[in-house]
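The exercises below are meant to be worked through with the sequence and the model side by side. Try each task before reading its solution.

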Amino acid sequence: MLQVRKNRLWKIFTIFLVSSGGVFLILFSLNSTLDLFYTPSEMLEADIKPEYRIKLGGMVKNGSIKRKGTATNFLVTDFVKEVPVTFNGVTPDLFKEDSGVVMLGYYLDGIFKAEEIFAKHDENYMPPELSFEEEKI
Amino acid sequence: MIGEIAHFLSLSAAVLLILILIFNVFFSFNKIHSNQLTLSLRLFNQACFLVFISFGMYIYLAISDDFSIVYIANHSNSQLPVFYKVTSIWSAHEGSMFLWIVFLTGWSILFLNSLNKNHPLKRLTLLMLSLIILGFMLFLLITSNPFERILPFGVIEGADINPILQDPALAIHPPMLYLGYVGFVIAFSYITAYLFNGDFELQWEQDIKNWSFVAWIFLTIGITLGSWWAYYELGWGGYWFWDPVENVALMPWLASTAFMHSLFASSKSNVLKAWTMFLGILIFSLSLFGAFIVRSGIIDSVHSFANDPERGLYLLGFSGFISLLAMGIFAYRIPSLNSSKLVVIGSKESFLSMNNILMITSIFSIFLGVTYPLIIESISGDKVSIGPPYYNTIFAPIILIASIFIMISVDAAWQRSMSLRNISLTAAIPSVFSLIITYVVWYATGIFSILAYIGIFSGLLILTSYFVRVINNLFNNRFINKGSAIAHIGLGLLFFVVSMNSILSYEKNLNISLDQTVAVDESVTAFSFDDIKVIKASNHDIISAEVSIRQDGKNVLLNPQKRKYITRGQITSESAIQATILKDTYLTIGDQLENGSWTFSLKINYFIKWIWISSALMVLGMLITIFKQKTS
């Protein structure tokens, strides 16, 4: 009887160990691959280390798009604060002034270096946080 | 008038389904009259026909440009070709839900009428199917009515279909995907009926096997078409983005693949019965979960339909109810389901169950990736997103272990343990060859990425072990299961080409003026911007560039375009693709700068064609499996 219980205990213990190991691995890889989303004001308040990849979302400020060579520079705003952005490459079709944009990249020396730009397949798209902010204004 | 008739027919179908349920559940659940089943089936058939006729009328309304109907006015246009007028029906929420229901009724009516007249599970399956169809009918009619009119007068012209959806691949992608998603309702309802009924002497595998296999084929084709469309239409040069909506399609695919395998094991050696049933229930539950994610707008994705809490709540409640109902019945019956036989370690079914566990692990990881941002947001209020790096790190080890098991199981036998010596013999040649080829690839490219090489090695393990098997078949006349071999070669090929693509593909951004020529790299030695012109088309203006490049000693003409659609004012890019066996040259035109020059994005994508070929091979393997069963 005791032996049976002991065996059962070992079995449960092994299952517990293996599954917690698995969950740990998954959570570990989740944390190292997570991209936090910020609006320009939030990003300027938070202390973003240069090696953190983040998502920045806002509106492209009217009249701020400047293209030079293959680089595109513009200001992204949440109607409170704005952040200069630089991006190298062809911007998506829905990327235009006065329109919502979400970017993935790094914040270095006061400039957001975008690696990817997402513009939604909907011409009226605005990041949800911003449509909320805009109502307040 | 036709709109009202169609609306009325759909409502009547819902009423008939309610009648069937009341009639069977409240009046005579235990006391079964001899003609009760006949009557229920007749009512069910009529309800289905009403849905079909109603949908047929809706197609007519779309073709005849009835813009007094809100949905058609918002998604179609009189200038569209008839083909796109029809496909505009499933270009947004309401119409695509209608299509979903049509397929649901279609599968159900075919399955129920194919069952033997006095099949013991016929009535219970019919009730489960009626309940599910009714749930979706009420969802359609209450929260997303496609028949709603603009009163008192309609508009003169429709708002047009979203231009990126005006594409043949995308026109057939939703129907294929839905046929797959919804097809698993048969396994779901039938297994639930079987468990509820409680007579475990009945054989159930044969009745749903081929239905599930066919649904799997549709799901595979649907996912591949979506991927193919994204590749050439979106202009990003990618074929898979680990977007939440792609993930919710991948989960039922993985579950159904696991289901097929465990179905083979349970019909060959009478093991894993309960597990197979669990998977059969899981697939459709995941389809329902997918419908909730896509249609509630809870997750921000490029695919998601508009945000609507009412719809989300209904779908969450309904899918939760249906899934929990089935899972509850399953849990209740588990004690009496235990197979008397255990899986022999080292047998074919043991490797197969290991891969089943791996597929469940992948489903769980994807599920976590999709829901984690929601959990984090509700706990801490932080907005997070989970991208490809998460999925790549999770999938690389899973793929490696799965490939090892596939390699060994090629030579394993059903119900008999394989000796360690035989396992090493089977593994020796593929392992050595795969290691050598992987090393050669590393040496030749000089690029290092641990995850990509795991993928390459895994793919090669599968490919070489089947290669050995094919050689054995040709020269030593050893048996080979053709369907399985072709499907697994497709899978091995997929792992290999996707990983090769990830290390070899690259992108160059160029800024160039008209009539200028620049050198890009050793492969593309000259890139000349020859011409740019504006063309007027029926519903859009085209800016078309002519670019000639000299690539690997050959001249290639490319014609990337930008289109501006007049009705919606939307701009889309048409990338120019020059596809060869090995690589695609993929050119997109960007914007014009103040000095008159233009930006271009030149992408060299490797092995893209082979991705489509590998999924075609999987479908082919499945087809062979289905037909071989029929003939034997």
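**Exercise 1: a loop residue in chain B**

B:Gln516 is found in the loop that connects E2 with strand E3 (517-518) of chain B, where strands (E, at least two residues) and helices (H or I, at least four) are DSSP runs numbered from the N terminus. This is a predicted model, in which local features need pLDDT of at least 70 and side-chain atom pairs count only at pLDDT 80 or more, while totals for chains, interfaces and linings use all residues. Residues are numbered from 1 along each chain as its sequence is written, and chains are lettered from A and ligands numbered from 1 in the order in which they are written.

Task: Decide how B:Gln516 is classed by its C-beta neighbours, and state how its C-alpha atom is placed relative to that of B:Gln36.

Solution. Begin with the cut-offs: a residue is buried if 20 or more other C-beta atoms, placed from the backbone, lie within 10 Å of its own, exposed if 12 or fewer do, and partly exposed in between. B:Gln516 has 14 C-beta neighbours inside 10 Å and therefore counts as partly exposed. Next, take the separation: B:Gln516 and B:Gln36 are 480 residues apart along the chain, and 80 Å separates their C-alpha atoms.

**Exercise 2: a second loop residue**

Task: Locate B:Arg416 between its flanking helices, and find which residues it is in contact with beyond four places in sequence.

Solution. First, B:Arg416 sits in the loop between helix H14 (388-409) and helix H15 (420-445) of chain B. With 12 other C-beta atoms within 10 Å, B:Arg416 is exposed. Then, counting a contact when C-beta atoms placed from the backbone lie within 7 Å, and setting aside neighbours within four places in sequence, B:Arg416 is in contact with B:Val344 and B:Ser347. B:Ser350, 66 residues from B:Arg416 in sequence, is 9.9 Å away from it, C-alpha to C-alpha.

**Exercise 3: the sheet of chain B**

Task: Work out the strand order of the open four-stranded sheet in chain B, and explain why E2 and E9 have one side without a neighbour.

Solution. The order of this open sheet in chain B is E2-E11-E10-E9, and the pairing is antiparallel, two strands being paired if DSSP finds at least two bridges between them. Strand E2 (506-512) and strand E9 (576-579) of chain B are at the edges with a single partner strand each, so one side of each has no neighbour in the sheet. From one strand to the next the twist averages 15°, with axes fitted as lines to C-alpha atoms and angles running from 0 to 180 degrees between N-to-C directions. Finally, E2(B) pairs with strand E11 (residues 598-606) of chain B over 7 bridges, and the partner of B:Tyr506 in E11(B) is B:Ile604.

**Exercise 4: chain B as a whole**

Task: Count the helices and strands of chain B, and judge its compactness by the globule rule.

Solution. Chain B has 18 helices and 11 strands. Its radius of gyration is 27 Å, close to the 26 Å that the globule rule gives for 632 residues, so chain B is as compact as a globular protein of that length; the radius is taken over C-alpha atoms, and the rule is 2.2 Å times the number of residues to the power 0.38. The C-alpha trace of chain B spans about 85 × 80 × 55 Å along its principal axes, and 47% of the 632 residues count as buried.

Key. Two residues are in contact if their C-beta atoms, placed from the backbone, lie within 7 Å.
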